[in-house]
Every structure is written in C-alpha cells, then in structure tokens.
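Q: Could you walk me through this structure, please? I have not seen it before.

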Amino acid sequence: MRNALIIAGTSLCLALPAAAQDMPNAYADDAAASAVPLEEGVRGTSSEALQDTLYELIALKHMTHQSHWNVTGPLFYSLHDLLGEAYTGLGGYIDQVAERKRALGAPADGRPAAVAQNAALPGFPEGLLADDEVLDLLLTRYETVSERLQQRIGETSDDPVTQDLLIDVARTIEKDLWMIRSFQL
Ligand SMILES: [Fe+2]
C-alpha cells in the first residue's frame, strides 16, 4: 500500500511538468504576444510608464515611512499620523501598478537596488528629522512624482486602463501634496 502511494505520488510529480508545458503561456512567449491586451507599441509605452512609476512609488513610500518614524517637533503627532496614512496608500498603488504591468505581459521590477538606481529622486537623510524639514523634503519629492505622472497620463492615452490607474495614483499624490502644503500656509 505504501509503495502504491509512493508510485502514485511519483507519477503525479512527473505529470505536472508535462501539464504545465501544455498550458498556453502567452506572457513568456513573444510569438504569442497577441494574446496579451493591446498591440506591442502601446504595451511598450504603458510598460515603461508603469515601471518608472513603480520605481518612484516604492522610493516615495520608503521616504514617507522613514519620515513617519523619525519626524520630531511640535507637529510630530499630526505628521506621524498623516504620513502613516500616506505610505499605506502608496503601498496599495505599488501593487496595482506592478500587477498592471504583469497583465500587459511584462515583468515588474521592484528590487531595492533597481529602485535606488532608477527612481531618479534625491536621496533621503538619515536620523531624526525636524517637522519643517520633513515637509520640505517630502514636498519636493511628491511634486516631482506628480509632474512625472501628469506626463505619463498624457503618454498612455492609447491604453485607457493603464491611464486610468495612473490618474488614480496622481489623484492620491495630489491629495497628499495638498495635505503637506497645508502645514506650510
Ligand atoms: Fe507606524
């Protein structure tokens, strides 16, 4: 009986790769690219816009989280709370942006070293940060990402699904900007 179970298990293991090979995998085969939504040129533009956005959102989330932990001063609690909401919101969009790129047949790159190299945002200081310094640091970085998103929204008009996602991200970034600026008025 025990041997029978082992044999049955072995044949199941052997059968899995063959079954997997039989499954269509449009996402790994250039020749089957027509199975992926949109034509190649449009997908390329969208993939680039999504990947650049992914790098920036991951970097921005880490900077926001770093600020959430290290902010000091009279505005500590308000900023700690606000930035906690902000990095949580960015986390949801990071996943959506990466998965939209996968839906278009392209891999999503969220490797820490690649993010550091490609987000094209200024670095972030270590240690404790005064509340007014946090506001300045985040304001410039959120503004940069907001401007880049506006450009990408224009570039992805042939792919309204990707464009709609980028508009969602931009709406949230602009709302965060409003809240950051409100401390400085
Ligand atoms: Fe926290």
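**Overview and one helix pair**

A: Of the protein's 185 residues, 38% count as buried (under 20% relative accessible area, 1.4 Å probe, protein chains only). This is a predicted model, in which local features need pLDDT of at least 70 and side-chain atom pairs count only at pLDDT 80 or more, while totals for chains, interfaces and linings use all residues. Residues are numbered from 1 along each chain as its sequence is written, and side-chain values use heavy atoms, leaving out hydrogens and water.

Q: How many helices and strands does the protein have?
A: The protein has six helices and two strands, taken as DSSP runs (H or I of at least four residues for helices, E of at least two for strands) numbered from the N terminus. Their pattern along the sequence is α-α-β-α-α-β-α-α.

Q: At what angle do helix 3 and helix 5 pack?
A: Helix 3 (residues 76–103) and helix 5 (residues 131–155) pack at about 25°, with axes 12 Å apart. They are therefore roughly parallel to each other (angles under 35 degrees).

Q: Which residues meet there?
A: Leu-79, Leu-83, Ala-86 and Leu-90 in helix 3 meet Asp-131, Val-134, Leu-135, Leu-138 and Tyr-142 in helix 5, where contact means heavy atoms within 4.5 Å. The residues of this contact divide into eight nonpolar, no polar and one charged, with Ala, Val, Leu, Ile, Met, Phe, Trp, Tyr, Cys and Pro counted as nonpolar, Asp, Glu, Lys and Arg as charged, and the others, Gly among them, as polar.

Q: Changing topic, how much area does the protein expose?
A: The protein exposes about 10,600 Å², of which carbon and sulfur atoms supply 57%, by the Shrake-Rupley method with a 1.4 Å probe.

Note on methods: Axes fitted to C-alpha atoms, helices over the stretch in contact; angles between N-to-C directions. Parallel < 35°, antiparallel > 145°, perpendicular 65-115°, else oblique. Buried < 20%, exposed > 50% of the residue type's maximum accessible area, 1.4 Å probe, protein only.
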